[in-house]
Every structure is written in C-alpha cells, then in structure tokens.
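Biologist: Please take a close look at the charged side chains here. Start with a single residue and work outward.

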Amino acid sequence: AFDIAADAIVCAAKSKENVAWTIADVTNIPVKDGICDILLDVFTPASYKEFGRILKKGGYILKVIPGSNHLKELRKAAREQLKNKDYSGDDVSDYFEQHYDILSQETLTNTMPIDQETLKTLTEMTPLLFDVDVSSLDLSEISEITVEAQLIIGRA
C-alpha cells in the first residue's frame, strides 16, 4: 500500500495488519510491470497509464471517488468560498470508462457523529477546503458529517 503523504503512511503502518506501507506517488508506483491482480485507488487523481503498467491483463481496478454528498456539511458551511459549488463524479466516471470496462458502480453513504476536535482536523486536511479561509467558517453547529463515495469496479 502506498500514499504520497508521509504522515498517512506513518499512521497506517502502526496497524497490526500484514501490509507493506510505502511512500510513493501514483504516477510512479514502485512495483513490477503486470504484477497486480487488483488495484484499489481511493480519493486520488488517477494515473491510468501507470495503473495499466502494474495491472495484470484481466486485472481489476476499484476506483473510489467522492460522491455528490461527500462532506456536504462542510460544503454548506464553505459554499460562498468554494470554486465548485456543486460536485459530481460524472467526469471521473466517464474518464475511467475510457480506460477500463466498467463492471459495476455503487454509491456508499454514511453520516456519522463528529466532535469539534475531529472536525477541526478534517478541515485542515481535506482538499475540499484547501482554497478556503477555514477560520472564517462557522462550524459550531456541525455535529455530524457525511462521507459518500462512488465505487467503480473495472477490468483491464
């Protein structure tokens, strides 16, 4: 498993799972050609050329992209400062289909409680708010957060 963020890898490596964690970029994955049966790509820009390099012929790719309701509570609070007021993963899905045969698609949604400390951490790390003055947002009324993802399963 890999991520470009060193902090994420350090955190993930603390798990007791038998996983080799590596800091790497999605455009230069440090594995041999044609070695992967399955590739899981979660909330990252795709590098389909690189994915094609490492996937076996007939291999599967599971692409997870934000759904239209992903972090809707933060979207509402920051609406006036967001460049893209609304989000749709349609363009990502269309681009995916240019590279892989889509076998299935499913939207997964979960709304869960969130405390103010965790919310603060989320606002600091989510790309949704990278161009937003977070200090100007009133987040005091947010007590739950929605995580919504679209799962696209394809085959090379």
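In which strand is E148 found?

Modeller: This is a predicted model, with residues numbered from 1 along each chain. Local features need pLDDT of at least 70, side-chain atom pairs need 80 or more, totals for chains, interfaces and linings use all residues, and side-chain values use heavy atoms, without hydrogens or water.

E148 is found in strand 6 (residues 144–155); strands (E, at least two residues) and helices (H or I, at least four) are DSSP runs numbered from the N terminus. E148 is buried (under 20% relative accessible area, 1.4 Å probe, protein chains only; exposed is over 50%, partly exposed in between). E148 has no salt bridge (Lys or Arg side-chain nitrogen within 4 Å of an Asp or Glu carboxyl oxygen). The nearest side chain of opposite charge, K72, is 7.3 Å away. The side chain of E148 does make a polar contact (N or O atoms within 3.5 Å, one able to donate a hydrogen and the other to accept it) with that of T109, at 2.7 Å.

Elsewhere, the structure holds six salt bridges. D41 and K63 form one, with N and O 2.6 Å apart. That pair links strand 3 to strand 4, 22 residues apart. Both D41 and K63 are buried. K56 and D37 form another, at 3.1 Å. K56 lies in strand 4 and D37 in strand 3. K56 is partly exposed at 35% relative accessibility, and D37 is partly exposed at 45%.

K83 and D131 also meet in a salt bridge, at 3.3 Å. Both sit in loops, so the pair ties together parts 48 residues apart in sequence. K83 is exposed at 69%, and D131 is exposed at 57%. Finally, D33, E50 and R53 form a salt-bridge network.

How values were computed. Lys and Arg count as positive and Asp and Glu as negative; His and the chain ends are not counted.
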